[in-house]
Amino acid sequence: MSPGRGTESPHAGKSRRNAGQETELGEMERLWGQARAELQKIVGADSFSTWIEPLRLTGVQDGTATIACPTRFLSDWVSRHYSDDIVKVLDRMGGPVQRLSFETRSQTARQAAAPAVKRPAPRPASEEELAAPLDSRFTFENFVVGKPNELAHAAARRVAEGGPVTFNPLFLYGGVGLGKTHLMHAIARELQIRQPEARVLYLSAEQFMYRFVQALRDRTVMDFKELFRTVSVLMVDDVQFIAGKDSTQEEFFHTFNTLVDQGKQIVISADRAPGEIKDMEERIKSRLQCGLVVDLHPTDYELRLGILQSKTDSFRTQYPGLQIAPGVLEFLAHRITSNVRVLEGALQRLFAFASLMGREITLDMTQECLADILRANDRKVSIEEIQRKVAEHYNIRLADMIGPKRVRIVARPRQIAMYLAKQMTSRSLPEIGRRFGGRDHTTIMHGVKKIEELRGSDRSLAEDIDLLRRLLEA
Ligand SMILES: Nc1ncnc2c1ncn2[C@@H]1O[C@H](COP(=O)(O)OP(=O)(O)OP(=O)(O)O)[C@@H](O)[C@H]1O
């Protein structure tokens, strides 16, 4: 079985591509890349990864966008639930698009083999149809390791080596967008490379449920069971989805037990620890805890910076010649703390914007282009909190933050507080000025600039600022 196969464009194998087709494909990829980011916001992360992620845009002609879909099941679902959203987004981004047309391999094959009016009888889903496609970007090489995810990464690596099963299941959990799916795909891909004969089945819990329901409806449950119970490695993403879905849980439990008894490796991911999944049967929770449970912690500054650097390197090949000013990545790593997906989307938008404008990526451009993301990520640190912390740290009175004293022992901490207020809140310079005793915005700008300069030359001041920032973020 090859879960990866489904990720290719249906055109990928064509040998006679000319330069025009290449350009068109590239353009479709770019347009789809932008549309995906929008769609994710509209449909939410979970539905996005299950239903939209496996799709590819292969062409737009006469108002019809053609979407390649790995399975018929997926295209039916997407067409019923998401076509309006997809049309709207594509139309806005590159249009004009008024309708969608789906192409699936199985459909193409069936159409070629049978007259269009003849409906095929229900048949059990094949293993290839059950598997979710793997994203080719989600490899171990592309996964940046830092303190918050090192244990999860090491455990994933171990499982991917495919040696004797030492912990079963491997249970990975963590908040939204912290790399669970990335690690799952990396494991599946690596196992396929190392053991091409192994049957690795990767799918989301949501897909497990829909397939199970479909099998019930089509009376092919025995085939469904058989298929799941004969894989070498079973990987189920977002298992919390089946909580509260009684018969699916039951089926999952039996599948799980059979595979564990046979010594087959199982890898599970969820958004929380097994014990914390509400409406999950106790016996399943305890089974899930039998192996190794590791969590992906929220990212820290260093990890975010590492990820940004690595993504910047790959964007550079996509947008050759684009310059990025010093300090931009550090600024993003400080300000966007929600999750890696958002961080990645922000960088992607920034590169696209800068390439359209033909300009270097500067701090100003970053603030302008990402204003919405930055606002949403505002940690709600108030200017008053910043002033208090800085005053405490330098042992000066809070009143001196807003007072008129100009002696350096007071003026410098005040400027540091201004700088942090600019960096850590979305307040404008005049607003900051008002909170510093009604100072003019040019005074604030001067203070911010001064500290920016000093950060480069005065190591102890730079350390003070980092410490203060961490205290404020905590
Ligand atoms: N350590 C990392 N290094 C590089 N990229 C990462 C890292 N962590 C996450 N990402 C990227 O962030 C994005 C979100 O990650 P992923 O989809 O794996 O999150 P998730 O934990 O499965 O989230 P969800 O709960 O929403 O399903 C992906 O594009 C992924 O490649």
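Helices here are DSSP runs of at least four residues, counted from the N terminus. With that in hand, let us walk through this predicted model, starting with one residue. Asp-84 sits in helix H4, which spans residues 83-93. Its surroundings are sparse enough to call Asp-84 exposed, because just 9 C-beta neighbours fall inside 10 Å and the limit for an exposed residue is 12 or fewer. Along the chain, Arg-99 is 15 residues away from Asp-84, and the two C-alpha atoms are 8.4 Å apart.

Now step back to the whole chain. The protein has 474 residues, and 36% of them are buried. Its secondary structure amounts to 23 helices and eight strands. If you take the contacts between residues at least 6 apart in sequence, 76% of them link residues at least 24 apart.

Let us turn to the strands, beginning with a hairpin. Strand S1 (residues 56-61) and strand S2 (residues 64-69) run antiparallel and are joined by five bridges. At the turn end of this pairing, Gln-61 has Thr-64 in S2 as its bridge partner. Two residues lie between the strands of the hairpin, and one of them, Asp-62, has a positive phi of about 50 degrees.

Further along the chain comes an open sheet of five strands, which you can trace in the order S5-S6-S7-S4-S8, with parallel pairing. At its edges are strand S5 (200-204) and strand S8 (292-296), each of which pairs on one side only. On average, neighbouring strands in this sheet are turned by 15 degrees against each other, ignoring direction.

Strand S4 makes a good place to look at this sheet in detail. Covering residues 170-174, S4 pairs with S8 in the parallel sense over five bridges. You can follow that pairing from Leu-170, which stands opposite Leu-292 in S8, to Gly-174, which stands opposite Leu-296. With strand S7 (residues 265-270), S4 again pairs in the parallel sense, here over four bridges. In that pairing, Phe-171 has Ile-268 in S7 as its bridge partner.

How many residues of S4 are buried? Five of its five are, so the strand is mostly covered by the definition of buried used here. Both faces take part: Leu-170, Leu-172 and Gly-174 are buried on one side, and Phe-171 and Tyr-173 are buried on the other. Leading up to S4 is the loop from helix H7 (150-161), and Pro-169 lies in that loop. The peptide bond joining Asn-168 and Pro-169 is cis, with omega about 0 degrees.

On the way from H8 to the edge strand S5, the chain passes through a loop that holds Ala-198. Ala-198 is partly exposed, because 15 other C-beta atoms lie within 10 Å. Leaving aside residues up to four places away in sequence, Ala-198 touches Gly-162, Leu-191, Ser-232 and Val-233. Of these partners, Ser-232 is 34 residues from Ala-198 in sequence, while the C-alpha atoms of the two are 5.8 Å apart.

Two other loop residues deserve a look for their backbone angles. Most residues other than glycine have a negative phi, and most peptide bonds are trans. Arg-219, however, has a positive phi near 55 degrees, and Asp-238 likewise has a positive phi near 55 degrees. Arg-219 lies in the loop between helix H9 (205-218) and helix H10 (221-229), whereas Asp-238 is in the loop between strand S6 (233-237) and helix H11 (246-261). Which of these settings is buried and which is exposed? Arg-219 is exposed, because 10 other C-beta atoms lie within 10 Å. Asp-238 is buried, because 23 other C-beta atoms lie within 10 Å.

Our last stop is the ligand. Around it are 20 residues, and the closest are Gly-179, Lys-180, Thr-181, His-182 and Val-340. Helix H2 (45-52), helix H8 (180-194) and helix H15 (340-357) are the elements that each give two or more residues to this shell. By class, the shell around the ligand is made up of eight nonpolar, eight polar and four charged residues. Domain 2 (130-296) and domain 3 (301-377) each supply at least three residues to the shell.

Notes: Residues numbered from 1 in each chain as written. Predicted model: local features only at pLDDT ≥ 70, side-chain atom pairs only at ≥ 80, totals over all residues. Buried ≥ 20, exposed ≤ 12 C-beta atoms within 10 Å, placed from the backbone. Contact = placed C-beta atoms within 7 Å. Near = placed C-beta within 6 Å. Nonpolar A, V, L, I, M, F, W, Y, C, P; charged D, E, K, R; others polar. Domains from an automatic or database assignment. Pairing = 2+ DSSP bridges. Axes fitted to C-alpha atoms, helices over the stretch in contact; angles between N-to-C directions.
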